[in-house]
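Dear colleague,

I am handing over the structure we spoke about, and my notes on it follow below. Please read them with the model open beside you.

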Amino acid sequence: MDKLIKNGLIFDAVHKEPYTADILIQDGKFAAIGEKLSAENAEVIDASGKHIYPGFVDAHSHIGLDDTGIGFEGQDYNELNDILTPQLRAIDGFYPQDPALKEAALAGVTTVCTGPGSSNVVGGVFMAVKTVGDRVDKMVINDHVAMKCAFGENPKRCYKDKNNYCRMSTAAKLRELILKTLEYDRLKQAAGDDPTKQPKFDFKLESMLPVVHKEIPLKAHAHRADDIFTAIRIAKEFDLKLTLEHVTEGHLIVDDLIEEDYPMAVGPSMSNASKFELRNKTFATPGILAKAGGRVSIITDAPVTPEQYLPLCAELAIKSGMEEFAALQAITINAARHIGVEDRVGSIEEGKDADLVIMPGTCFDIALAPDLVLINGEKVDE
């Protein structure tokens with residue numbers, strides 16, 4: 001059913017200053033935004049005195065692949081039998097009935113980027129998905145957002161007794177996979193339409209072709225400064241697209257990161273320093289990078305931080321010095337751009353999906369819960 005939201009104070013994530021206007025929703029999209037709108041047969045929602053935000057977007061999580069972390073059987077986000085698994089796809093392990101998804105939706109988190117974890121040097125393909133639905137095929141926005149790779153302690157720890165004891169080995173394994181993919185691609189191109197000249201099919205290398213063709217980025221798990229620079233070094237070496245994930249020590253290397261200008265998803269910051277490489281973790285990092293001109297998102301890495309606390313993570317970044325508008329963009333339009341779905345979500349603009357959050361006050365007050373959440377123009381009910 002069409003909806004007409006009247007007289008709300010709109011924080012659209014595009015304009016720095018909020019404004020009062022009406023929002024017309026038709027066929028699950030923002031059809032019009034303006035003053036004194038009217039529509040026949042539309043459900044009218046009075047938002048007088050309320051704040052209206054875009055649905056919140058998390059650019060990096062593992063939600064839906066963990067089933068709230070209840071025991072081993074609920075963990076589906078790491079394949080621990082192979083250090084290189086680019087052929088894995090998040091869509092094949094996603095559980096729409098995970099209770100964490102409903103909790104996220106009720107808190108206003110309407111889109112998440114989720115996928116394999118960071119145990120593997122290459123873990124598989126992330127996807128962007130809405131947080132409501134019974135079948136992932138009907139929830140997904142893009143099932144090939146990025147290829148996850150990981151540096152630092154995780155692949156070292158998980159494979160130290162197999163074949164990956166040090167950081168140099170991690171980098172070498174990623175380089176080797178990329179080089180094999182480039183050679184595989186060269187042979188395929190040279191064969192043309194002649195099937196007798198085609199190289200033997202290799203599922204892993206086929207899965208890496210979108211990376212070397214720059215159709216999707218490497219989504220690089222990197223906390224420590226040296227790991228961040230290794231990810232950048234390899235991306236530049238092979239002319240690949242890259243997004244930086246976690247960026248825990250980003251505040252220590254601000255000038256270099258601004259010069260390189262890769263999108264940065266910062267977090268999770270709401271936990272103790274559980275690993276050596278997290279010892280410099282602080283909620284000040286996203287604000288420092290944003291003030292310097294960086295393209296910054298704030299992430300939960302759910303279930304590390306439960307997905308419903310994404311706005312709280314932004315609130316704590318504000319308390320650590322981040323400007324409020326930058327923090328809003330970090331969990332809306334910047335996050336959507338980070339995962340390449342800004343044409344669909346991340347801001348309140350005509351033509352985009354009607355995902356929004358109506359709050360009794362600021363979304364950065366943890367004491368306040370949304371009055372109403374819409375996803376694709378439909379209400380998220382208790």
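Helix 6, which covers residues 225-237, lies across strand 10 (218-222) and strand 11 (242-246), and the helix runs at about 165 degrees to strand 11. Please keep in mind throughout that this is a predicted model.

Strands 10 and 11 belong to an open sheet of 8 strands, in the order 6-7-8-9-10-11-12-13, with mixed pairing. At the edges stand strand 6 (56-61) and strand 13 (296-298), and each has a single partner strand, so one side of each is left without a neighbour in the sheet. From one strand to the next the twist averages 25 degrees. Strand 6 pairs with strand 7 (residues 109-114) in the parallel sense over 4 bridges, and within this pair D58 stands opposite V112 in strand 7.

As for open space, the largest pocket has a volume of about 820 Å³; it is lined by 37 residues, of which Y77, N78, G117, S118 and S119 are the closest to its centre. That lining comprises 11 nonpolar, 18 polar and 8 charged residues.

The structure also holds 2 cavities of 30 Å³ or more. The largest cavity, at about 40 Å³, has a lining that includes H246, T248, K281 and T285, and by class this lining divides into 2 nonpolar, 6 polar and 1 charged. The second largest cavity contains about 30 Å³ of space and is lined by V266, G267, S269, F283, P286, I298 and I299, of which 5 are nonpolar, 2 polar and none charged. V266, G267 and S269 also appear in the lining of the largest cavity.

With best wishes

Methods
Residues numbered from 1 in each chain as written. Predicted model: local features only at pLDDT ≥ 70, side-chain atom pairs only at ≥ 80, totals over all residues. Heavy atoms only, no water. 1 Å grid on protein atoms, 1.4 Å probe; cavity = no way out; pocket = protein on both sides within 12 Å on 5 of 7 lines; lining within 4 Å. Points joined across faces, edges and corners; volume = space filled by probe spheres on them. Nonpolar A, V, L, I, M, F, W, Y, C, P; charged D, E, K, R; others polar. Pairing = 2+ DSSP bridges. Helix = DSSP H or I, 4+ residues; strand = E, 2+ residues; numbered from the N terminus. Axes fitted to C-alpha atoms, helices over the stretch in contact; angles between N-to-C directions. Contact = heavy atoms within 4.5 Å.
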